[in-house]
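Work through the exercises below with the sequence and the model side by side, and try each task before reading its solution.

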Amino acid sequence: MRQHSIPWDHAGPHAHPFTTAHDAPTATTVDLVVPVYNEESSLANSVETLLRATSQGDSHVTIIIADNASTDSTPAIAEALAEKHPDVRYVRLEEKGRGRALSKVWSASEADVVAYTDVDLATDIRALDPMVEVIRSGIADVAIASRLLPGLNISRGVKREVISRCYNRLLRLSLGVGYSDAQCGFKAMSAEAAKKLLPLVEDTAWFFDTELLTQAEWAGLRIHEFGTDWVDDPDSSVDVLATAWADVKGIHRLRRTIRRSGGQALGIDEVPAPNTGAQILHFIDVGIVSTLLYAVLFLFGVQMFSPAVANLGALLISTVANTGLNRRHTFGVRSPHHGLATQVKGLASFALCLGFTSAGLAIAANFTGHWASIGTLAVLTLANLLGTIVRFVLLRTWVFAIGAHHNSRSTHHG
């Protein structure tokens with residue numbers, strides 16, 4: 001999975017791979033869904049705005065109003081809009097749930113790209129064209145708007161801002177994902193990605209977005225983020241705290257589901273690992289960080305404990321940190337699946353590193369004088385670096401061997 005974060009309005013003409021008229025493809029078809037529930041006051045204006053904005057683009061956009069069991073005059077307004085405009089369709093659902101509406105409409109879509117926007121149009125609709133372009137050109141499988149990237153003009157209350165940022169940090173910690181904004185109401189994906197992901201998504205309400213993106217990242221699909229300005233809807237009927245609690249329960253369910261499934265349903269074992277060159281560079285970076293962590297912990301620990309105890313504690317903590325960082329950054333494993341198993345395997349190599357550093361302690365046992373601690377640290381650091389080289393071989397051939405094998409197979413079939 002490769003993830004990009006760029007301002008949508010900076011994609012520019014260089015993002016387009018076609019340079020001559022005869023190379024231009026046929027127009028990409030897009031089904032843009034607008035989920036609604038009792039939106040009689042804003043629906044008509046929003047759809048008219050969408051029609052004006054999408055009529056100037058390179059894609060053929062069909063706006064689909066997905067009515068989540070509205071009880072006001074929303075159905076009548078939607079039907080009138082569909083009759084008036086050939087590029088507007090109306091779908092009625094008798095059950096509430098934004099996720100349910102999106103899943104139903106996207107599953108039935110025959111368009112090249114499926115997308116959705118909230119009816120309040122808080123996200124700039126001009127972001128749709130570059131989002132569709134990165135999907136059409138094969139740069140990404142999924143494109144999302146993000147309100148949490150730097151340098152954006154975001155207008156919303158402090159409570160919503162804090163809750164949103166805390167929620168997305170929770171996702172990174174608990175689910176191991178890298179996307180920045182799960183619930184911004186503007187997303188698009190290829191038809192192929194939708195067909196793969198929708199059967200895996202259980203939630204029918206607000207957690208739908210998070211589950212969809214998480215499954216996409218775990219399955220190795222490419223997610224492209226576009227920073228976009230955003231204006232909060234003061235009349236939004238969403239109960240932020242209740243939704244946040246439902247999301248926490250959704251996170252717990254998702255983690256439980258992946259543990260039970262063994263990861264097979266998500267295609268996790270098919271995620272390509274970085275190539276060997278990238279792995280070596282990432283491993284070096286992680287090694288530097290973990291070696292510095294080891295040094296700090298040892299120097300701190302030796303003030304209170306014997307060198308052997310300080311070495312044991314520092315090596316144990318730095319090994320756990322090293323395995324976690326290598327899992328994500330060196331070998332490209334983002335799912336929490338098998339997280340404990342890889343840590344256990346990582347700790348098995350801890351015994352080998354402990355052997356190297358124990359030998360270093362034996363060498364440094366006769367060091368005396370003011371520089372004894374520094375000399376001991378130098379010997380232990382060299383021993384630790386030697387153990388790190390052996391550790392890379394073990395990580396690649398044993399701890400994360402599944403990812404490496406799948407990467408090899410994908411290279412041979414490519």
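**Exercise 1. Find the residue that follows helix 7, then decide how covered that helix is.**

Solution. Begin just past the end of the helix, where Gly220 follows helix 7 with a positive phi, near 85 degrees. The model is a predicted one, in which local features need pLDDT of at least 70 and side-chain atom pairs count only at pLDDT 80 or more, while totals for chains, interfaces and linings use all residues. Residues are numbered from 1 along each chain as its sequence is written, and side-chain values use heavy atoms, with hydrogens and water left out. Helices (H or I, at least four residues) and strands (E, at least two) are DSSP runs, numbered from the N terminus.

Next, turn to the helix itself, residues 208-218, which is mostly covered, since 11 of its 11 residues are buried; buried means under 20% relative accessible area, exposed over 50%, and partly exposed in between, with a 1.4 Å probe and protein chains only. Among these buried residues are the charged-group bearers to look up in the sequence, Asp209, Glu211 and Glu217, where Asp, Glu, Lys and Arg count as charged, Ala, Val, Leu, Ile, Met, Phe, Trp, Tyr, Cys and Pro as nonpolar, and the others, Gly among them, as polar.

**Exercise 2. Which residues lie 7.6 Å and 7.9 Å, C-alpha to C-alpha, from Glu211 and Trp218?**

Solution. For Glu211, the partner is Leu254, which is 43 residues away along the chain, with the C-alpha atoms separated by 7.6 Å. Leu254 belongs to helix 8 (residues 240-261) and is buried, with a relative accessible area of 3%. For Trp218, a residue of helix 7, the partner is Val177, 41 residues apart in sequence and 7.9 Å apart in space. Trp218 is buried as well, at a relative accessible area of 1%.

**Exercise 3. Are Ala69 and Leu121 buried or partly exposed?**

Solution. Take Ala69 to begin with: it sits in the loop between strand 3 (60-68) and helix 2 (74-84), its phi is near 60 degrees, a positive value in a residue other than glycine, and it is buried, with a relative accessible area of 13%. Then take Leu121, in the loop between strand 5 (113-117) and helix 4 (128-136), where phi is near 50 degrees, again positive in a residue other than glycine. Leu121 counts as partly exposed, at 22% relative accessibility.

**Exercise 4. How do helix 9 and helix 10 run relative to each other?**

Solution. The axes of helix 9 (residues 276-301) and helix 10 (residues 307-330) come within 8 Å and cross at roughly 155 degrees; axes are lines fitted to C-alpha atoms, for helices over the stretch in contact, and angles run from 0 to 180 degrees between N-to-C directions. The two helices are therefore roughly antiparallel, a label for angles over 145 degrees, with under 35 being roughly parallel, 65 to 115 roughly perpendicular and the rest oblique. By class, their contact has 14 nonpolar, 11 polar and no charged residues.

**Exercise 5. Which helix supplies the largest share of the lining of the largest cavity?**

Solution. Helix 10 supplies the largest share, 4 residues, while helix 9, helix 10 and helix 12 (372-399) each supply at least two. By class, the lining divides into 2 nonpolar, 7 polar and 1 charged.
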